[in-house]
Amino acid sequence: MRGIRTFQRYFRDAAKSVIRNFSLSLASISCIAITLIVVSLSIIVSYNVENFMETIKKDVTMVIFLDGDTTEDQRKAVESGIKSTGNVEKLIYKSKEDYAKEFAKENETLKTIIEGWTNETNPLLDSFELKVKDIENIKDTATTIKKLKHVNSVKYSEDTVEQLATMFSAIEKGCIIAVIALILVTAFLIANTIKLAIYSRKREIEIMRLVGASNISIKVPFIIEGLFLGVIGSIIPIILTIYGYISIYDFFGGKISTFAKLIKPTPFVYLSSVLLLIIGILVGMFGSYQAVKKYLKV
């Protein structure tokens, strides 16, 4: 019971401190709020970029055409060579007869022409349709496959795929770096803000020490104060994240283009909000702890 009452007092003192030092508290809260808004944007962009990459990976198909005189054993050798690249998500073999049947279904004129083909006169080529695991390595995979015997050609949207993969990868890495940098900067600013609060209450702290207050009883309220600042500072970013993302999702109809589909708001916005709250609390408490540890000589 005594421990509970002690923590209640710590929380009460921390809450009073936030109100009493309102201008300094407002500076910290504003700093956390602005940082978390940018962090929220980075999280939204990063996760949607990853979703775009997954969509591209599912949609991009590499077609590997075989030589016209390729035998069954040679086809199996090519298949083994493709699988040995280690970048195979899905591999489907399609014979020239399969292609002829598909074309015949699409156009009546072609159907008439194709019906007159025999196995020997069919000008189409047997092929493999490949979906890769890692789209960023698609060029190396294609280069390796082209060197295999009995491979006639390898086709895929080379320039578009590589440009998108490079762009999305750069955006994703940039977002991660931005989030880490912002969190560190915010922790530093909060530490300095708390330091000012500590300095302004120097006489109060000295009195507490004279009456026998322990180091913990002096430090803990400041750390809890940082927790309060983190919670309050995360409220606006959380509201903007939930309602802002839902509005954006509805405005675009869930997708920016045929391949760039946005992540569904539920449960994404709520998980992001919990993450923002946790980041706000940890940053606030860490900033306060650093200030107390470094500047409070107790």
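Contacts first. In this predicted model, take the contacts with a separation of 6 or more: 83% of them are between residues 24 or more positions apart. One pair shows this on the backbone. V38 and A178 are 140 residues apart along the chain, and their C-alpha atoms are separated by 8.5 Å. V38 belongs to helix α2. Its relative accessibility is 32%, so V38 counts as partly exposed, since the partly exposed class runs from 20% to 50%.

Now the overall layout. The protein has 10 helices and four strands. Going along the sequence, the order is α-α-β-α-β-α-α-β-α-β-α-α-α-α. There are 298 residues, and 39% of them are buried.

On to the interior. The largest nonpolar core contains 44 residues. Helix α2 supplies the largest share of this core, 10 residues. Which residues have the most contacts inside the core? They are M62, I64, I82, L130, I145 and Y245.

I will take M62 from that group. Which residues is M62 in contact with, once neighbours within four places in sequence are left aside? One run of partners is F128, E129, L130 and V132. Another set is I138, A142 and I145. The rest are V154, K155 and Y156. Two of these partners, L130 and I145, are themselves on the list of residues with the most contacts inside the core.

That brings us to helix α6, residues 138–146. The buried residues here are I138, T141, A142 and I145. They lie on the same side of α6, because the arc they cover around the axis is only 100 degrees. I138, A142 and I145 are the ones we just met as partners of M62.

T141 is also in α6. Is T141 buried or exposed? The relative accessibility is 6%, and buried means under 20%, so T141 counts as buried. Leaving aside neighbours within four places in sequence, T141 is in contact with T85, N87 and L130. L130 therefore turns up in two of these contact lists, that of M62 as well as that of T141.

After α6 comes a loop leading to β4, residues 151–155, and H150 sits in that loop. There is a backbone point to note here. Most residues other than glycine have a negative phi, and most peptide bonds are trans. H150 is not a glycine, yet its phi is positive, about 75 degrees. With 25% relative accessibility, H150 counts as partly exposed.

The other backbone point concerns a peptide bond. The bond from T266 to P267 is cis, and its omega is near 5 degrees. P267 lies in helix α10, which covers residues 265–295.

Last, the second largest pocket. How much space lies in it? The figure is about 160 Å³. The elements giving two or more residues to its lining are α2, residues 22–59, and α9, residues 215–252. Helix α2 gives the most, with five residues. The lining consists of I44, V45, N48, V49, F52, Y245, I248, F252, I256 and L262. By type, nine of the lining residues are nonpolar, one is polar and none is charged.

Two names link the pocket to the core. Y245 lines the pocket, and Y245 is also among the residues with the most contacts inside the core. Helix α2 gives the most residues to the lining, and the largest share of the core comes from α2 as well.

Note on methods: Residues numbered from 1 in each chain as written. Predicted model: local features only at pLDDT ≥ 70, side-chain atom pairs only at ≥ 80, totals over all residues. Heavy atoms only, no water. 1 Å grid on protein atoms, 1.4 Å probe; cavity = no way out; pocket = protein on both sides within 12 Å on 5 of 7 lines; lining within 4 Å. Points joined across faces, edges and corners; volume = space filled by probe spheres on them. Nonpolar A, V, L, I, M, F, W, Y, C, P; charged D, E, K, R; others polar. Core = buried A, V, L, I, M, F, W, Y, C linked by side-chain atoms within 4.5 Å. Buried < 20%, exposed > 50% of the residue type's maximum accessible area, 1.4 Å probe, protein only. Contact = heavy atoms within 4.5 Å. Arc of directions from axis to C-beta.
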